[in-house]
2 protein chains.
Amino acid sequence: MDETRLRLLNAAGPIFAERGYRATTVREISQEAGTNLAAISYHFEDKEGFYVAAVKHAAQGCMDRVPLPQWDAETPAEEKLLSFVTTFLNRVAVDHDPAWHGQLLMREMVLPTRACAEFVRDYVRPMHGMLIGVLTELMPNSSEKERWLTALSIVGQCLHHRVGQAVMIELTGETAVAAFGVKKLAEHITSFSLAAIQQATKQRLTTKKPPTSGTTHRVDRPARKRGSR
Amino acid sequence: MDETRLRLLNAAGPIFAERGYRATTVREISQEAGTNLAAISYHFEDKEGFYVAAVKHAAQGCMDRVPLPQWDAETPAEEKLLSFVTTFLNRVAVDHDPAWHGQLLMREMVLPTRACAEFVRDYVRPMHGMLIGVLTELMPNSSEKERWLTALSIVGQCLHHRVGQAVMIELTGETAVAAFGVKKLAEHITSFSLAAIQQATKQRLTTKKPPTSGTTHRVDRPARKRGSR
DNA sequence: TTTGAATTCAAACACTTGTTTGAATTCTTC
DNA sequence: GAAGAATTCAAACAAGTGTTTGAATTCAAA
């Protein structure tokens, strides 16, 4: 029956997310799912195959729950960025149930397993492409590398609200998501990034060589050395 | 002998960092260290106590290798931020050996164990305090919450170069650290953040009360529609 | 209803895990 | 150098792991 498969997958998500792959036992999951122990080996090849399927199942559920935003041609790029960031935060950082989606995907990101390649293909790459598209609109005359760096800055800001959750609680007693809410957080990240983008664009237009004008910003530059291995 | 302790701790770091706590066996570590299996239970209480000691050992080594920057009173805040970011990146993101330091600490951050509290106290809190101090200089008249959000944005950008490493490689074939180098990356993050800070400061000075967003999905500052009209 | 395949189930298997044991060895102190 | 503590060592232990087995049950088509 296909129902057993589904029950197993649904039960697996939260447990894998909380305990991690190694610390989770197939007995625990089968018991939680109300199925027999051997059902996992029967319906999936083995524990690892089962884990991969569970990750894919979680990612799919996450994408269904928080779909990518859709824009018409007239939507200004700034608004696109805001909705993108909001979607991103909702997908990974937010604690409303099922909260384990983001948790599980973050695990996959930090210590990738066999599921990582598919995860990147189905989940990361579309979002990355969408962000690069928005940045291309926002940053006229920018190089590909500049857009890449900017994308990293934006993604890093969003992801940190999931990755740094435990440390945030230990450090300040609560998460920023709980303190500010997704909306406020998304607005901060968006305006923060837009300001940086706009200044960089202005600099690119006025002069070739950005001298980091404004306040005194002196960087000791120890000549040229090339030591990357 | 104290040497056995040290050999175990040094051997434990890379293995714990690569495989994670559960997937690492004490046999593997004792063999790598060239000690007897029972030495771990003898010198440390059990595997978990051993792991906590290994994390602390790694954090200490990391802090010794890349100490916090020290500034005199005349150092401009912008320069402080750059050196802070550089230090941060060097501590967590860089691949020069021993690269496992950052890896292990990131694991502790993502899935905290008993070592997390001490890790935050000895490692995270000093850096956080230092960053908040710099931001206080950079953001006159800012509220504590604004500084907190800004700190999160900066830390998120730095940490992403460790956290997102595996996905970055899967997505683009190489890490940004490898492609740009720490210096360039630190300069990007610093100028990116400085631009956002300066614009926010300017806004704070011009308008006493920032327009609180209503229910409409709009960016802080109403975006200009692109294109000719 | 009959038949054969698909699925479930309890039990057992083969293996790895962290930990303990008690003797052997080394180190420290007088 | 001898006594006693500290440390190392090979071996064994007990518990838990993923997986397999083969019979029992359910399901679906003739």
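Q: Which base atom of DNA strand D does the side chain of B:Asn36 reach?
A: A base nitrogen, and the N or O atom in the side chain of B:Asn36 is 3.4 Å from it. That's a polar contact here, meaning a pair of N or O atoms within 3.5 Å; within protein, one must be able to donate a hydrogen and the other to accept it, and residues adjacent in sequence count only if both atoms are side-chain atoms.

Q: OK, and what kind of model is this?
A: It's a predicted model, where local features need pLDDT of at least 70 and side-chain atom pairs count only at pLDDT 80 or more, while totals for chains, interfaces and linings use all residues. Residues are numbered from 1 along each chain as its sequence is written, chains are lettered from A and ligands numbered from 1 in the order in which they are written, and side-chain values use heavy atoms, with hydrogens and water left out.

Q: Which atoms touch the phosphates of strand D?
A: A polar side-chain atom of B:His43 lies 2.6 Å from a phosphate oxygen of DNA strand D. From chain A, a backbone N or O atom of A:Thr24 is 3.3 Å from a phosphate oxygen of that strand.

Q: How many residues are around DNA strand D?
A: There are 16, and A:Thr25, A:Asp46, A:Lys47, B:Thr4 and B:His43 come nearest. A residue is near a strand if one of its heavy atoms lies within 4 Å of it.

Q: Which helix gives the largest share of that surface?
A: Helix 3 of chain B, with three residues. Helices here are DSSP runs (H or I, at least four residues), numbered from the N terminus.

Q: Switching to strand C: what does B:Arg27 do there?
A: A polar side-chain atom of B:Arg27 lies 2.8 Å from a base nitrogen of DNA strand C. A:Asn36 also has a polar side-chain atom 3.4 Å from a base nitrogen of that strand.

Q: And B:Val26?
A: There a polar backbone atom is 3.1 Å from a phosphate oxygen of DNA strand C.

Q: Which helix gives the largest share of the surface near strand C?
A: Helix 3 of chain A, with three residues.

Q: New topic: where is A:Asn141?
A: In the loop between helix 7 (116–138) and helix 8 (144–163) of chain A. Its phi is near 70°, a positive value in a residue other than glycine.

Q: Is A:Asn141 buried or exposed?
A: A:Asn141 counts as exposed because its relative accessibility is 63%; the cut-off for exposed is over 50% relative accessible area (1.4 Å probe, protein chains only).

Methods:
Helix = DSSP H or I, 4+ residues; strand = E, 2+ residues; numbered from the N terminus. Buried < 20%, exposed > 50% of the residue type's maximum accessible area, 1.4 Å probe, protein only.
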